[in-house]
Amino acid sequence: MNTASVSLGASTSLQSRFLQLAMAGLLGIFVIGFTGFSHIEAVHNAAHDARHSMAFPCH
Amino acid sequence: MSVFRNVVFVAAIAGLLAGLVLACLQAYATVPLILKAEVYEQAAGGHEHAAAPAAPVADAGTNAMSSAAPAPAAAPAEEEEGWAPADGVERFSFNVLSNVVTGIGFALILVAFSEFAGGIGNWRQGVFWGLAGFAVFTLAPGLGLPPELPAMPAADLIPRQAWWISTVVATAIGLALIAFRRSLPLTVLAIVLIVAPHVVGAPQPASYDTPIPEGLHHQFVVAVTLTNLVFWVVLGAVIGVVRGRFTGQSSSLRDSFA
């Protein structure tokens, strides 16, 4: 579908590339989990308006 | 670790920009409605975090299965307000910060996912990827769990979060099957995946009584949906531009599905 030359980080092996992409995706999921889903009261209050405005399940 | 570093770099720039745009849009479109709703909330007797009777977590499955079944009634949890940003500049600043961080989170997911499919080559491909993200993260979960204002009734938080995540995952897999597998049976499976969470149904509150006027809520749903549409399109487009600059070349449009 795509040659390595147009990919980010052209010189890495396919397996390493897969792992690194998966890690980046997991980091994103972790970040979303923190800002959008965390039950910690202070985090909820800090992100309150953003949570409502992004339609995360809230309260 | 060059791939990881590059993905984080592109996602950070795109998330920062799109998050700032979203925060500005929210300041005009959604936050004023939230503040209005909080007036109704105060009038109705304080900040009711658990306005709806809290269903036991164990009921999550059954609750989601039958959307019509009311959750068992329980006393609303007494919740003492913890630290919260003070109204005004502080609250606005934390909203900007939250939007930027959330934007970077979504950008990481979008960049990582799109790299598996060859990467977002330019701003126009980015717009299509952004629309896909909008469908997955805003439209699909928003059908069952519309954006809610403070003081609106809702089922217990955990089942709703579980339904939200399941819907996002199912919709993402469905769209990917349609876009990247040119096969009729898989496309049928994709539609089934996209429809399934809504057949199961989102967890519903036991009662829909709310002090919030319906007009206000409708306005809020429209505002949230449109601001998130802009957010996702900006996010995708910026990823396309930054990634193109970064790799020094952009794949031509005809090579992509867009």
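Is A55(A) buried or exposed, judging by its C-beta neighbours inside 10 Å? Keep that one in mind for a moment while we get our bearings. What you're looking at is a predicted model, so let's start with how confident the predictor is. For chain A the mean pLDDT is 84, and 81% of the residues reach 70 or more. The weak spot is the beginning: over residues 1-5 of chain A, pLDDT stays under 50. The model does give that stretch eight contacts beyond four places in sequence. Still, where pLDDT is low, the predicted coordinates should not be read in detail.

Now for the layout of chain A. Follow the chain along its sequence and you'll meet the pattern α-α-α, that is, three helices and zero strands. Of its 59 residues, 42% are buried. Back to our opening puzzle: A55(A) sits in the segment after helix 3 of chain A. A55(A) counts as buried because it has 24 C-beta neighbours inside 10 Å, and 20 or more is enough. There's something else to spot here: A55(A) has a positive phi of about 60°, although it is not a glycine.

Chain B has a residue like this too. A151(B) isn't a glycine either, yet it has a positive phi of about 75°. You'll find A151(B) in the loop between helix 5 and helix 6 (157-180) of chain B. With 23 C-beta neighbours inside 10 Å, A151(B) counts as buried.

Next, see how the two chains meet. On one side are 35 residues of chain A, in contact with 56 residues of chain B. Helix 1, helix 2 (41-46) and helix 3 (48-53) of chain A each supply at least two residues to chain A's side. The largest share, 14 residues, comes from helix 1 of chain A. Sort chain A's side by class and you get 19 nonpolar, 13 polar and three charged residues.

Let's head inside. The largest nonpolar core has 45 residues, and the members touching the most others are V7(B), A14(B), A107(B), L108(B), V111(B), L235(B) and I239(B). Which elements give two or more residues to this core? From chain A there is helix 1 (14-37), and from chain B there are helix 1 (2-29), helix 4 (89-116), helix 5 (123-144) and helix 8 (214-247). Helix 1 of chain B gives the most, with twelve residues. For a close-up, pick I239(B): leaving out residues up to four places away in sequence, it touches V10(B), A14(B), A107(B), L110(B), V111(B), I120(B) and G126(B). There's also a second, separate core of 18 residues, and A46(A), A155(B), A223(B) and V224(B) are among them.

Helix 5 of chain B is worth tracing from end to end. Its 22 residues reach 31 Å from first C-alpha to last, close to the 32 Å expected at 1.5 Å a residue. Along the way, helix 5 of chain B bends by about 35° at A135(B).

Our last stop is L216(B), in helix 8 of chain B. L216(B) has 15 C-beta neighbours inside 10 Å, so it counts as partly exposed. Not counting residues up to four places away in sequence, L216(B) touches L33(B), K36(B), A37(B) and L149(B). Now find A179(B): it is 37 residues from L216(B) in sequence and 37 Å away in space, C-alpha to C-alpha.

Conventions:
Residues are numbered from 1 along each chain as its sequence is written. Chains are lettered from A and ligands numbered from 1 in the order in which they are written. This is a predicted model: local features need pLDDT of at least 70, side-chain atom pairs count only at pLDDT 80 or more; totals for chains, interfaces and linings use all residues. pLDDT is the predictor's confidence in each residue, from 0 to 100. Two residues are in contact if their C-beta atoms, placed from the backbone, lie within 7 Å. A nonpolar core is a set of buried Ala, Val, Leu, Ile, Met, Phe, Trp, Tyr and Cys residues joined through C-beta atoms within 7 Å. A residue is buried if 20 or more other C-beta atoms lie within 10 Å of its own, exposed if 12 or fewer, and partly exposed in between; C-beta atoms are placed from the backbone. Helices (H or I, at least four residues) and strands (E, at least two) are DSSP runs, numbered from the N terminus. Ala, Val, Leu, Ile, Met, Phe, Trp, Tyr, Cys and Pro count as nonpolar, Asp, Glu, Lys and Arg as charged, and the others, Gly among them, as polar. The expected span of a helix is 1.5 Å times one less than its number of residues. The bend at a residue is the angle between axes fitted to the seven residues ending there and the seven starting there.
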